[in-house]
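Student: Could you take me slowly through one part of this protein, the nonpolar patch on the surface, and explain the terms as you go?

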Amino acid sequence: MMQQLFVIFTFLLAAGYLVNKFVWSPISDKKKKAVATLDGGNTKCGNDNCGCS
């Protein structure tokens with residue numbers, strides 16, 4: 001009985017991880033990808049393309 005509960009718990013944990021990784025994350029990433037720059041995301045900042053001052 002205890003072994004069956006462990007197998008069921010492990011299966012549900014793995015299934016939940018797969019749903020989160022392949023179903024839920026792509027849906028929520030689409031909502032989070034809002035462009036925050038004034039030029040539509042074309043601003044280059046950093047060490048190589050220093051366009052910010």
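Tutor: Helices (H or I, at least four residues) and strands (E, at least two) are DSSP runs, numbered from the N terminus. The model is predicted, so local features need pLDDT of at least 70 and side-chain atom pairs pLDDT 80 or more, while totals for chains, interfaces and linings use all residues. Residues are numbered from 1 along each chain as its sequence is written, and side-chain values use heavy atoms, without hydrogens and water. The protein has one helix and zero strands, and Leu18 lies in that helix, α1, which covers residues 2–32. Leu18 belongs to a nonpolar surface patch together with Tyr17, Val19, Phe22, Val23 and Ile27, and their accessible area is about 600 Å² in total. Accessible areas come from the Shrake-Rupley method with a 1.4 Å probe, and for residues only the protein chains shown count as cover. Patch residues have over 30% relative accessible area and no salt bridge (a side-chain nitrogen of Lys or Arg within 4 Å of a carboxyl oxygen of Asp or Glu); like charges are joined within 9 Å, and nonpolar side chains (Val, Leu, Ile, Met, Phe, Trp, Tyr) within 5 Å. Leu18 counts as partly exposed because its relative accessibility is 44%, between buried (under 20%) and exposed (over 50%).

Conventions: Buried < 20%, exposed > 50% of the residue type's maximum accessible area, 1.4 Å probe, protein only.
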